[in-house]
Structures are given as structure tokens and as C-alpha cells.
Amino acid sequence: ESIYGKYRLGPGVSDRGFAKFAVGVQLLGTVFQDRWGVEYHLYLGNGRSADPGGRDDNANKAVGARLVLLPPVQQLSFGVSIYADRNGRSFNTRQRAFGFDTQWDHGGLHVESEVLLLALEQTDDTGTPEGLFDHGTGTYLLAGYTLFDRLMPFGRVEYIDIKYGEEPS
């Protein structure tokens, strides 16, 4: 819920802070220098429309980027992601997301964490975008251990904080 949950975006409208899926083009790859690596993903998506499973019926394209740093420490990574679009399912409001994450695996131990910072454009009671933004934070920490190469008991703690209707500070 803290990362992929739905938030109030306008009168009678709830949606994710960013699209979970996109149809478009993506440039991706990995670059290594000595024992360090960087994965990159740059993409342009068709954007969210009132008919998400249908044809591309809007000019609101989604843009995003993701970089993952792969240090020489085996099974450790640090990522950063950005995403922006106008949500055609929510009065064409502007939405932006910035996130960062880390993962570490050692033997059977797996630890991961992600933080998401959202900016969701506010609407008035009729659904007209106002140019002001609600701001939110979502984060989680997960730790688990693999047993018998099949089972992973895990614990997860999440935190969500959305500031609706407040002026940015």
C-alpha cells in the first residue's frame, strides 16, 4: 500500500501516484566500470487515459527514469526513480513521483526498503486542477530469510503520510 496504493486524486477519483504499467518505448542497459555497475531505464509511456486498456487517446505522455547502482559488494543495490505524467483518469492532473530503494541479499537473508515521495495536483470540487499539490510519503522495510530453498518467512513495516489540501512548505 505504501508504494502501489491508491490515493484520493479528486472528487470521486482514486488512483496510484504513478502508473504501474505502461505501453511505450524504453531504453535500458547496464554499464560496468571496474567492479561497479549502473543499470539505466529511460522510458516514454502512453500515459493514463479514461480507457486504460484501449487505444492511446490522450496527449498526456508519461516520462520516467530509473538508475540502479551496483557496488562491488555482491547482492547489494541502490536505486533511484522518477516519474511524471498528467493523469487522464483524474481530470488530467499533474502527478510526480520520486523514489529510492535498496536491496541486499546475503546467504538466505533478504533485506529491502523503498521510499516514495509524491506530488499530486489538487482539484476543486468540480475536478478542475488548481495548480496546488498534495504531498505524500510512502515507505517500507522488509526482511526475510529463505528456508529449505523454498520458503521465506518475512516481516514488513510500512508507513504512509499524505498531506491533503495543504500548501507546500
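**Exercise 1. Find which backbone nitrogens lie by the side chain of glutamate 121 in this predicted model, and describe the setting of that residue.**

*Solution.*
Step 1. Start with the polar atoms of the glutamate 121 side chain. The backbone nitrogen of arginine 94 lies 2.8 Å from one such atom. For the backbone nitrogen of glycine 131, the distance to a polar atom of this side chain is 3.1 Å.

Step 2. Place the residue. Glutamate 121 belongs to strand E8.

Step 3. Decide whether glutamate 121 is buried or exposed. Its relative accessible area is 5%, and buried means under 20%, so glutamate 121 is buried.

Step 4. Widen the view to the contacts. Once residues up to four places away in sequence are set aside, glutamate 121 touches Leu9, Arg86, Asn92, Thr93, Arg94, Pro129, Glu130, Gly131, Leu132 and Phe133. Arg94 and Gly131, whose backbone nitrogens came up in Step 1, are among them.

**Exercise 2. Work out where serine 90 sits and what it is in contact with.**

*Solution.*
Step 1. Serine 90 is found in the loop between E6 and E7.

Step 2. A loop position leaves the burial open, so turn to the accessibility: serine 90 has a relative accessible area of 0% and is therefore buried.

Step 3. Beyond its neighbours within four places in sequence, serine 90 is in contact with Leu9, Gly10, Val13 and Gln95. Leu9 also appears among the residues that glutamate 121 touches.

**Exercise 3. Describe the largest pocket: its volume, its lining and the elements that contribute.**

*Solution.*
Step 1. The volume of the largest pocket is about 590 Å³.

Step 2. Its lining is made up of 27 residues, and those closest to the centre are Phe18, Ala19, Tyr43, Arg66 and Ser81.

Step 3. Next, sort the lining by element. Two or more residues come from each of strand E3 (24-33), strand E4 (36-45), strand E5 (62-70), strand E6 (76-87), strand E7 (93-106) and strand E8 (109-123). E7 gives the most, with five residues.

Step 4. Finally, sort by class: 17 lining residues are nonpolar, six are polar and four are charged.

**Exercise 4. Identify the residues that touch the most other members of the largest nonpolar core, and follow the contacts of tyrosine 83.**

*Solution.*
Step 1. Recall the background: in soluble globular proteins, nonpolar side chains tend to be buried together.

Step 2. The largest nonpolar core here has 15 residues, and the ones touching the most other members are Phe18, Tyr83, Ala97, Leu116 and Leu118.

Step 3. Strand E1 (6-10), E8 and strand E9 (129-145) each give two or more residues to this core. E8 gives the most, with three.

Step 4. Leaving out neighbours within four places in sequence, tyrosine 83 is in contact with Gly17, Phe18, Ala19, Tyr43, Arg48, Ala62, Val63, Gly64, Gln95, Arg96 and Ala97. Phe18, Ala19 and Tyr43 in this list are also among the residues closest to the centre of the largest pocket.

**Exercise 5. Locate the two aspartates with a positive phi, and classify their accessibility.**

*Solution.*
Step 1. Phi of aspartate 34 is near 55°, and this residue is not a glycine. Aspartate 149 likewise has a positive phi, of about 55°.

Step 2. Aspartate 34 is in the loop between E3 and E4, while aspartate 149 is in the loop between E9 and strand E10 (154-163).

Step 3. Exposed means over 50%, so aspartate 34, at 71% relative accessibility, counts as exposed. Aspartate 149 is exposed too, because its relative accessible area is 76%.

**Exercise 6. Characterise tryptophan 104, then step back to the whole chain.**

*Solution.*
Step 1. Tryptophan 104 lies in strand E7, and its relative accessible area of 31% makes it partly exposed.

Step 2. Not counting residues up to four places away in sequence, tryptophan 104 touches Gln74, Gln75, Leu76, Leu109, His110 and Val111.

Step 3. Now the chain as a whole: there are zero helices and ten strands. Of its 169 residues, 34% count as buried.

Step 4. Take the contacts with a separation of 6 or more: 44% of them join residues 24 or more positions apart.

Conventions
Residues are numbered from 1 along each chain as its sequence is written. This is a predicted model: local features need pLDDT of at least 70, side-chain atom pairs count only at pLDDT 80 or more; totals for chains, interfaces and linings use all residues. Side-chain values use heavy atoms; hydrogens and water are left out. On a 1 Å grid over the protein atoms alone, a cavity is a set of points where a 1.4 Å probe fits but cannot get out, and a pocket is an open set with protein on both sides within 12 Å along at least five of seven lines; lining residues have an atom within 4 Å of a point. Grid points are joined across faces, edges and corners, and a volume is the space filled by probe spheres set on the points. Helices (H or I, at least four residues) and strands (E, at least two) are DSSP runs, numbered from the N terminus. Ala, Val, Leu, Ile, Met, Phe, Trp, Tyr, Cys and Pro count as nonpolar, Asp, Glu, Lys and Arg as charged, and the others, Gly among them, as polar. A nonpolar core is a set of buried Ala, Val, Leu, Ile, Met, Phe, Trp, Tyr and Cys residues joined through side-chain atoms within 4.5 Å. Buried means under 20% relative accessible area, exposed over 50%, partly exposed in between (1.4 Å probe, protein chains only). Contact means heavy atoms within 4.5 Å. A polar contact is a pair of N or O atoms within 3.5 Å; within protein, one must be able to donate a hydrogen and the other to accept it, and residues adjacent in sequence count only if both atoms are side-chain atoms.
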